[in-house]
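Got your viewer open? Load the model and follow along, one selection at a time.

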Amino acid sequence: MNEIAVKRADLTDIEALVPLFDSYREFYGRNSDPEAADEFLSARLENNESVIFIARESKIPVGFTQLYPSFSSVSLARTFILNDLFVTAESRRKGVGSLLLTAAINYAKSLNAVRLTLSTEITNETAQALYQTTGWKKEEQFYSYHFTV
């Protein structure tokens with residue numbers, strides 16, 4: 001079995017991240033736009049607006065997760081929104097998703113965050129199963145609302 005390595009991404013990883021991020025967006029019904037993906041990810045990293053972890057299998061990029069920092073006023077503490085998680089079709093069921101989640105959790109713990117939050121489509125049962133088997137709990141106390149501007 002090939003070794004899977006996860007590391008925190010920086011600007012030197014943009015070239016490897018763009019195809020993954022573009023595929024992630026296509027998974028959610030968006031048109032492919034590698035140039036926009038590059039610009040978006042580069043801006044997030046250049047401005048320290050997100051934290052990205054990239055997974056490689058035998059040095060080949062196979063997945064990523066992206067965290068956005070936030071805070072809880074009630075808890076008076078840092079939180080993170082795990083906004084994106086993607087693993088290439090060929091690398092699914094190899095533990096890549098779990099390794100990316102573990103990297104995100106360890107990072108949040110290292111900064112004394114009190115919580116990581118994520119959401120996924122109701123129909124994405126594969127992702128839901130991964131989250132549940134890795135210890136994430138489904139929200140049952142609050143409703144989520146969105147306002148599109």
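Start by selecting G63 and expanding to whatever touches it: setting aside neighbours within four places in sequence, you should pick up L20, F53, I54, A55, F86, V87 and L100. Keep in mind as you click around that this is a predicted model. G63 itself sits in strand β3, which covers residues 60-72. Is G63 buried or exposed? Its relative accessible area is 0%, so G63 is buried, the cut-off for that label being under 20%. While you're here, draw a distance from the C-alpha of G63 to the C-alpha of L99: the two are 36 residues apart in sequence, and the line should read 9.9 Å.

Next, on to the helices. Select α1, residues 14-27, and α2, residues 34-46. Show their axes if your viewer can: they come within 9 Å of each other and cross at roughly 120°. How are α1 and α2 oriented to each other? That crossing angle is outside the 65 to 115 degree window for roughly perpendicular and not over 145, so the pair counts as oblique. The crossing is right-handed.

Now turn on side chains where these helices meet. On the α1 side, pick I14, L17, V18, F21 and D22; on the α2 side, pick P34, A37, D38, F40, L41, S42 and L45. Colour that selection by class and you get 9 nonpolar, 1 polar and 2 charged residues.

Stay on α2 and zoom in on S42. With a relative accessible area of 12%, S42 is buried. Which backbone atom lies 2.8 Å from a polar atom of the S42 side chain? It's the oxygen of D38. Beyond the neighbours within four places in sequence, S42 is in contact with L11 and I14; you already have I14 selected, as one of the α1 residues that meet α2.

Last stop: slide along to S50, in the loop between α2 and β2, where β2 is residues 51-57. Loop or not, S50 has a relative accessibility of 5%, so S50 counts as buried too. Add Q66 to the selection and look at the two side chains, which are joined by a polar contact of 2.8 Å. Then expand around S50, again skipping neighbours within four places: the contacts are R44, L45, Q66, L67, Y68 and P69. Two parts of your tour come together here, as L45 is among the α2 residues that meet α1, while Q66 falls within the 60-72 span of β3.

Notes: Residues are numbered from 1 along each chain as its sequence is written. This is a predicted model: local features need pLDDT of at least 70, side-chain atom pairs count only at pLDDT 80 or more; totals for chains, interfaces and linings use all residues. Side-chain values use heavy atoms; hydrogens and water are left out. Helices (H or I, at least four residues) and strands (E, at least two) are DSSP runs, numbered from the N terminus. Buried means under 20% relative accessible area, exposed over 50%, partly exposed in between (1.4 Å probe, protein chains only). A polar contact is a pair of N or O atoms within 3.5 Å; within protein, one must be able to donate a hydrogen and the other to accept it, and residues adjacent in sequence count only if both atoms are side-chain atoms. Contact means heavy atoms within 4.5 Å. Axes are lines fitted to C-alpha atoms, for helices over the stretch in contact, and angles run from 0 to 180 degrees between N-to-C directions. Angles under 35 degrees count as roughly parallel, over 145 as roughly antiparallel, 65 to 115 as roughly perpendicular and the rest as oblique. A crossing is left-handed if the near helix is turned anticlockwise from the far one by less than a right angle, and right-handed if clockwise. Ala, Val, Leu, Ile, Met, Phe, Trp, Tyr, Cys and Pro count as nonpolar, Asp, Glu, Lys and Arg as charged, and the others, Gly among them, as polar.
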